[in-house]
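Trainee: I'd like to learn how to read ring pairs, charges over rings and surface patches. Could you take me through them one at a time?

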Amino acid sequence: MIRRILALTALTCALSSPVARADDQPPASVEERLRRLEEGYDQLRKVNEALLLENANLRKQLDTVSADVKQPVVTPAGKSAKLQFGGFVQVQGEAGDAVTGRFIDENDRIFVRRARIGMGGNFTEKVDYRLEGEFAGSLGASSAMRAQMTDGYITFLTSPALMIRAGQFKTPYGYEQLYSDTKLMTPERSTVNDFLTVGRQLGVQLAGDLASKRVGYAIGAFNGNASNTSVNDDDSFMIAARLSSYLVGDAAAPRNLRLGVNGYTSDDTSVAIPPVFGVDSTPGSPARDNIFAGNRTAWGVDTQFVSGRTELWAEYLSTELEPDDKLPRDRFTASGWYAQAGYFAIPSTLQLVGKYEWSEPSDEVANDDFDVYWLGANWYLKSHDIKLQLFYALDDGAGADGSGRIIARVQTIF
């Protein structure tokens, strides 16, 4: 077959080239040139018929082979209109002293702070979904690498004013907690957000935007006993709600001011809470288990201001705990606040950030507060998709003696 193709090519080139002749020979007559063209056409027709016959025989052979071999076929399991994959990786390096209750290890280290991959899509304009997994460790000194679900939910978008979400997702309490890990101005959230917010929970939520997206609301019922737990610790739900509004401008305006309020209430039978609260469901044993039973009532207020290159945040959170066993006391309040400022020294590229945070795990215990100062910069190589962070955290709380820690992070979103 290859020989025939080569012959066909050579013949075509010969017919398309001018007829060579000696200088003393007269040019070919019109009749002679027509005769040569007819002979060439006849040869081309014969070669083409041979190629068609050989191609038909080859197709028969391939059909015979295909009939004997079962070909794998990949088909979508659902009828999703859109499916997207993505994720992000944050690699972090630290050196210096322990700072607050989160950086409990004084050793220098390099580790993967977060590594997540997720998928999401929608079946129609009214129904979408998301599933995301975490494949990294945490800030704790002995925390092992882990693989677990972070988000897994289905959303029904009835209208901009009403969205119904069911599954595991962030509860509507704590502005900094609700803000994406990849877009925070500092490498870590404030201590008060780590201790007092309730993070991701399994539940159902109603949310939406009103007044041309100037007002937002969310209210939901959740199990209230942490994420990735398929059971509820009691027969009641934690109720959480948030309301926010732009007082000046809107999300797209170069100058805007937003105010938010939120809160939650929960009756608990057996919920693990941070060790800083000092609760223990087995006081007779030497080890404290940090399991809480009783009532938690929380509230908070936050504000954000943006003007050109400058961005300011402030937030206050407070939680009242009433243990059923009256230990470590009948009732106590944990609270805290932070304020931070960011300024783009180079627009969209270099952002300078300063932050102060204060928190107190119990108003009944003296000298248990956390005072932390943050100072650093964010270098946006490609917006948040490729970002470098370098910060110094100084702990000036009770008993900290001015210990500090350097934190460097590189982030990529894909």
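Trainee: Let me start with one side chain: is tyrosine 179 buried, partly exposed or exposed?

Mentor: Keep in mind that this is a predicted model. For burial, the general idea is a cut-off: under 20% relative accessible area is buried, over 50% is exposed, and in between is partly exposed. Tyrosine 179 has 25% relative accessibility, so this residue counts as partly exposed.

Trainee: Which ring does tyrosine 179 pair with edge-to-face?

Mentor: That's tryptophan 313: the centres are 4.8 Å apart, with 75° between the planes. An angle over 60 degrees is what earns the edge-to-face label.

Trainee: And why does that pair tie together parts far along the sequence, 134 residues apart?

Mentor: Because of where the two rings sit: tyrosine 179 is in the loop between helix H3 (175–178) and helix H4 (191–196), while tryptophan 313 belongs to strand S11 (residues 310–323). As for burial, tryptophan 313 has a relative accessible area of 3%, so it is buried.

Trainee: How many aromatic pairs are there by this rule?

Mentor: The count is 13. Among them is a tilted pair of tyrosine 175 and tyrosine 179, at 5.7 Å centre to centre and 40° between the planes. Tyrosine 175 is at 8% relative accessibility, so we call it buried. Ring pairs can also join up into a cluster, as they do for Tyr153, Phe169 and Phe222.

Trainee: Which charged end sits over the ring of tyrosine 153?

Mentor: Arginine 165 does that, with its charged end 4.1 Å from the ring centre. Arginine 329 does likewise with phenylalanine 332, at 5.4 Å from the centre of that ring.

Trainee: On to the surface: which residues make the nonpolar patch of about 680 Å²?

Mentor: The patch is built from Val91, Ile110, Ile346, Trp379, Leu381, Ile386, Leu388 and Val410. Strand S14 (370–382) and strand S15 (386–395) are the elements giving two or more residues to it. Take valine 91, found in strand S1 (residues 82–96): at 32% relative accessibility, valine 91 counts as partly exposed.

Trainee: Last one: where is glycine 120, and what does it touch beyond its sequence neighbours?

Mentor: Look in strand S2 (residues 109–124) for glycine 120. It counts as buried, at 12% relative accessibility. Setting aside neighbours within four places in sequence, glycine 120 contacts Lys82, Leu83, Gln84, Tyr129 and Arg130. With lysine 82, the C-alpha to C-alpha gap is 8.1 Å, though the two are 38 residues apart in sequence.

Key. Residues are numbered from 1 along each chain as its sequence is written. This is a predicted model: local features need pLDDT of at least 70, side-chain atom pairs count only at pLDDT 80 or more; totals for chains, interfaces and linings use all residues. Side-chain values use heavy atoms; hydrogens and water are left out. Rings of Phe, Tyr and Trp (its six-membered ring) pair if their centres lie within 6.5 Å; planes under 30 degrees apart count as stacked, over 60 as edge-to-face and the rest as tilted. Buried means under 20% relative accessible area, exposed over 50%, partly exposed in between (1.4 Å probe, protein chains only). Helices (H or I, at least four residues) and strands (E, at least two) are DSSP runs, numbered from the N terminus. A charge sits over a ring if NZ of Lys or CZ of Arg is within 6 Å of the ring centre and within 35 degrees of the ring normal. Patches are made of residues with over 30% relative accessible area and no salt bridge: like charges are joined within 9 Å, nonpolar side chains (Val, Leu, Ile, Met, Phe, Trp, Tyr) within 5 Å. Accessible areas come from the Shrake-Rupley method with a 1.4 Å probe; for residues, only the protein chains shown count as cover. A salt bridge is a side-chain nitrogen of Lys or Arg within 4 Å of a carboxyl oxygen of Asp or Glu. Contact means heavy atoms within 4.5 Å.
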